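Work through the following exercises with the sequence and the model open side by side. Each task is followed by a solution that goes step by step.

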Amino acid sequence: MNELTAVYSQEPETQMQALKELYEKVFDTRWDQRIFQEKRVTFDRWLCQIMYNYDQPVAFKLGYFFDKDTFRSWQGGVIPEFQGQGIAKILIRDQERWVREQGGKIIQTRSFNRFKNMMILNLKMGYDITGSLEGEAGEPKIEFSKQL
Ligand SMILES: CC(C)(COP(=O)(O)OP(=O)(O)OC[C@H]1O[C@@H](n2cnc3c(N)ncnc32)[C@H](O)[C@@H]1OP(=O)(O)O)[C@@H](O)C(=O)NCCC(=O)NCCS
């Protein structure tokens, strides 16, 4: 049986080991500390959400305010064995609640066609498509936003 616990922090450094481990499991790509550090020094209001099953990290969501009103939900995912159990929905709802409490008005997030489950989930959770950008290697990057 699962015993899920959410640990939320405004200082992602305190959860660095779990973040790195989760990112690498979810995306099968190495965590790049340099990219994180660049963002970390540019933006100062962060929310780092980690979901644990007992002491095993199983899901994460990481984002920051990029202006007074707008929170950018930057990265997130659930490890394969724990997908389909409603964990991503819990993290989204908790993120929305926190951003609203902080006085935020909009949550914005970006995704790619290869993450279709995330795009479906964004639409189901009331996010609208508000733009498209060109990602690396010309891959379209779809922008979603939700007014809180
Ligand atoms: C996308 C992801 C975060 C969803 O996490 P999850 O905990 O499995 O999602 P939930 O169980 O909370 O599901 C919520 C909704 O998402 C959608 N969804 C999730 N997995 C899905 C799937 N395999 N197929 C279709 N829809 C799916 C459903 O609409 C579901 O709603 P429902 O419960 O009413 O059916 C997870 O699959 C993941 O980490 N994927 C790989 C990484 C990724 O895509 N990250 C985002 C990059 S932008």
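**Strand partners and the ligand shell**

Leu62 has Gln75 in β4 as its bridge partner. Residues are numbered from 1 along each chain as its sequence is written. The model is predicted, and local features need pLDDT of at least 70, side-chain atom pairs count only at pLDDT 80 or more, while totals for chains, interfaces and linings use all residues.

**Exercise 1.** Determine in which sense β3 and β4 pair, and over how many bridges.

*Solution.* Begin with the terms: strands (E, at least two residues) and helices (H or I, at least four) are DSSP runs numbered from the N terminus, and two strands pair if DSSP finds at least two bridges between them. β3 and β4 are paired in the antiparallel sense, over seven bridges. Within this pairing Lys61 stands opposite Gly76 in β4, and the connection from β3 to β4 is a hairpin that runs through four residues.

**Exercise 2.** Describe how β2 and β3 are joined, and explain why β3 is largely enclosed.

*Solution.* Strand β2 (residues 46-53) pairs with β3 in the antiparallel sense over eight bridges, and Tyr52 is found opposite Pro57 in β3. The two strands form a hairpin with two residues between them, and in its turn Tyr54 has a positive phi of about 50 degrees. For the enclosure, count a residue as buried if 20 or more other C-beta atoms, placed from the backbone, lie within 10 Å of its own. Seven of the ten residues of β3 (residues 56-65) are buried, so the strand is largely enclosed by the rest of the structure.

**Exercise 3.** Give the strand order of the sheet and name its edge strands.

*Solution.* The open sheet has seven strands in the order β1-β2-β3-β4-β5-β7-β6, with mixed pairing. Its edge strands are β1 (4-9) and β6 (128-134), each of which pairs on one side only.

**Exercise 4.** Find which element supplies the largest share of the shell around the ligand.

*Solution.* First list the contributors: β4 (70-78), α3 (87-101) and α4 (116-124) each supply at least two residues of the shell. The largest share, five residues, comes from α4. Finally, of the 18 residues around the ligand, those that come nearest are Gly77, Gln83, Ala88, Phe115 and Leu121, where a residue is near a molecule if its C-beta atom, placed from the backbone, lies within 6 Å of it.

Notes
A residue is buried if 20 or more other C-beta atoms lie within 10 Å of its own, exposed if 12 or fewer, and partly exposed in between; C-beta atoms are placed from the backbone.
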